Structure formats: structure tokens, C-alpha cells
Amino acid sequence: QVQLVESGGGLVQAGGSLRLSCVVSRRTLRSYAMGWFRQAPGKEREFVARITWSLGSTDYADSMKGRFTISRDYAKNTVYLQMNSLKPEDTAVYYCASDPAPVAGTANYWGQGTQVTVSS
């Protein structure tokens, strides 16, 4: 079974930065792409960013472009989400996902989530 383990969440002031990491446990079951979603209290889960393993092609939700950067380390089976210029509205649980479908909001596998809290 594929396991996705996130880390790097925490409390940060507005304007600050955080880097989330997601380690994929089963290399033999590597997916086509990895991504991040987030879910704020009382809101639906929303797509954040996606990256393909092979070419590193990326796409982002419009509200994250220019502030968030997704990357991957192929050798370490790890995907990162660098978040800069954080805003209080970025507060959410961030989930790593395998083979994410941005529009449908689905994925083959999910991590347990990591809390990001941005204070004003």
C-alpha cells in the first residue's frame, strides 16, 4: 500500500513562509503525478498544485500562482510545496495526494494532512 507522509506544517505570521514535504513510501507504485490540496474549516477541499514525476511539469490554482511552488526530488520520492507570502486565508489542513484530479478533487492516495496556520 502506498503511504504519503506530510510534514512541515505549523504556525507562521502573515507574510512568512513554510515548506511542506511529502514522502511517498512505495517507489514501485509511483504515480504519474503528485499534488497538494487544502481544506479550511467549514470549506470544501480545494486544489493547490500538481507536478509530474517524470518531467516536473506543474500547474497551480490561480490564487496560489506566484506565491506557492511545487517541486519534487525523484531520488528521494519526495514532493515539496514552498509557500511564500502567506496570508491568513491560507490557513488550512494541507494534504498530499497521488495522481490528483484537480477539477474532481480526487486522488488515488492521500496523506494524513498537515496543519498550516497563518496568523494576522
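1. In this predicted model, strands E7 and E8 make a hairpin, with four residues between the two strands. Asparagine 77 sits in the turn and has a positive phi of about 50°. Strand E7 covers residues 68-73, and strand E8 covers residues 78-83.

2. Asparagine 77 deserves a check on backbone and exposure. Its place is the loop between E7 and E8, and its phi, near 50°, is a positive value in a residue other than glycine. Asparagine 77 has 11% relative accessibility, and because the cut-off for buried is under 20%, it counts as buried.

3. The two arms of the hairpin pair in the antiparallel sense, with six bridges between E7 and E8. Within this pairing, arginine 72 is opposite valine 79 of E8.

4. E8 has a second partner to look at. Strand E3 (residues 18-24) pairs with E8 over six bridges, again in the antiparallel sense. Leucine 20 has leucine 81 of E8 as its bridge partner.

5. How many of the six residues of strand E8 are buried? Five are, so E8 is largely enclosed by the rest of the structure.

6. A positive phi also occurs at aspartate 99, a residue other than glycine, where the value is near 50°. Aspartate 99 lies in the loop that runs between strand E9 (92-98) and strand E10 (109-110). Is this residue buried or partly exposed? Aspartate 99 has a relative accessible area of 27%, so it is partly exposed.

Conventions:
Residues are numbered from 1 along each chain as its sequence is written. This is a predicted model: local features need pLDDT of at least 70, side-chain atom pairs count only at pLDDT 80 or more; totals for chains, interfaces and linings use all residues. Side-chain values use heavy atoms; hydrogens and water are left out. Buried means under 20% relative accessible area, exposed over 50%, partly exposed in between (1.4 Å probe, protein chains only). Two strands pair if DSSP finds at least two bridges between them.
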